[in-house]
Amino acid sequence: MDRARQQRALTLLPISLALTFSLTAVGSSHWCEGTRRTTKPLCQDSLAGPNCIHLGQARGTGGRSGPADQTVQYIWEMGDDKFIQRQFHAGLWESCEENLNSTGEQCRSFWSLVPAEEQGVLWLSIGAEVLNLFLMLTSAILLGTKVSCHSSGFSWLKVDALVAILLVLAGLLAMVAHMMYTTIFQITVNLGPKDWRPQTWDYGWSYCLAWGSFAICMTIAVTATNRYTTARLEHLDKPMAQQNSRHPQHNNPGPDALKNIWQIEAAPSPAGPVLVKVSQTLPPGKVSTC
């Protein structure tokens, strides 16, 4: 691969990076992360825990137990000690939180948590994200075709213009989709189910990847537009330069050329008309007569 083709191949790196960021962000569930405050469960073990006292029901006469063994639990934890903080993370598709025993996660659809009147906005956000991926993938295919089948004709400049337009549209769709999801998540935090509402939350690494993809996408669009404009101007200047070389301009005689012209001037003299020569070497205003 020659050096020129290697330089053209490097133009695929930013669009591939942006596409990877966007795919990872859409497929993950770490757009928002935080903690949720839940009440500690009752003592589940049969032995008395450090903060629980189990008092079992006495067995009936004859050594037979009652219909159901009942346990009275005394828990003397007060205030915030009665609650635990459970980590959670949410994305476009699902919301997951850790189990009480800190082993594994319990996930549910994020769509089921959004209030019914706001679910349409969530689907618009997801649709915009999918369309953004499609436009970015199309742009990557066009740039790859340009690198593998490059020619010096002007037709390939139109590829740069088309890529710039597609990436601008993709960036605008991504920006709108990210903002809609942020709004939907904030509404869900305030109006969602009480058994899900987080106490504290912040944006996760997937959200950062999504905005990073948007920034790279817009940068590629500006670069492609600049490349197309520069090549277009160079393409238009070549015919004009060739046309000017075929039709050189005729130089008009300057003022110095007029000094070599012989002029005949009639001078008032008794001898009659005389010839007057404007000398090139004499300063202006002086003439020689004969």
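A surface patch here is made of residues with over 30% relative accessible area and no salt bridge, with nonpolar side chains (Val, Leu, Ile, Met, Phe, Trp, Tyr) joined within 5 Å. Accessible areas come from the Shrake-Rupley method with a 1.4 Å probe, and a salt bridge is a side-chain nitrogen of Lys or Arg within 4 Å of a carboxyl oxygen of Asp or Glu.

Welcome to this predicted model, where local features need pLDDT of at least 70 and side-chain atom pairs count only at pLDDT 80 or more, while totals for chains, interfaces and linings use all residues. Residues are numbered from 1 along each chain, and side-chain values use heavy atoms, without hydrogens or water.

Let us start outside. Ile-165, Val-168, Leu-169 and Leu-172 make a nonpolar surface patch of about 330 Å². Ile-165 sits in helix α4 (helices are DSSP runs of H or I, at least four residues; strands are runs of E, at least two).

Now the inside. The largest nonpolar core (buried Ala, Val, Leu, Ile, Met, Phe, Trp, Tyr and Cys joined through side-chain atoms within 4.5 Å) has 36 residues, and Leu-167 is one of those that touch the most other members. Buried means under 20% relative accessible area. These elements give two or more residues to this core:

| Element | Residues |
|---|---|
| α2 | 12-27 |
| β4 | 83-90 |
| α3 | 119-148 |
| α4 | 157-191 |
| α5 | 205-246 |

Helix α4 gives the most, with nine residues.

Finally, the rings. There are 13 aromatic pairs (ring centres of Phe, Tyr and Trp, its six-membered ring, within 6.5 Å; stacked means planes under 30 degrees apart). Phe-110 and Phe-185 are stacked, 6.2 Å centre to centre with 15° between the planes. Phe-110 lies in the loop between β6 (105-109) and α3 and Phe-185 in α4, so this pair ties together parts 75 residues apart in sequence.

Methods. Buried < 20%, exposed > 50% of the residue type's maximum accessible area, 1.4 Å probe, protein only. Patch = residues over 30% accessible without salt bridge, like charges linked within 9 Å, V, L, I, M, F, W, Y side chains within 5 Å. Phe/Tyr/Trp six-rings, centres within 6.5 Å; stacked < 30°, edge-to-face > 60°.
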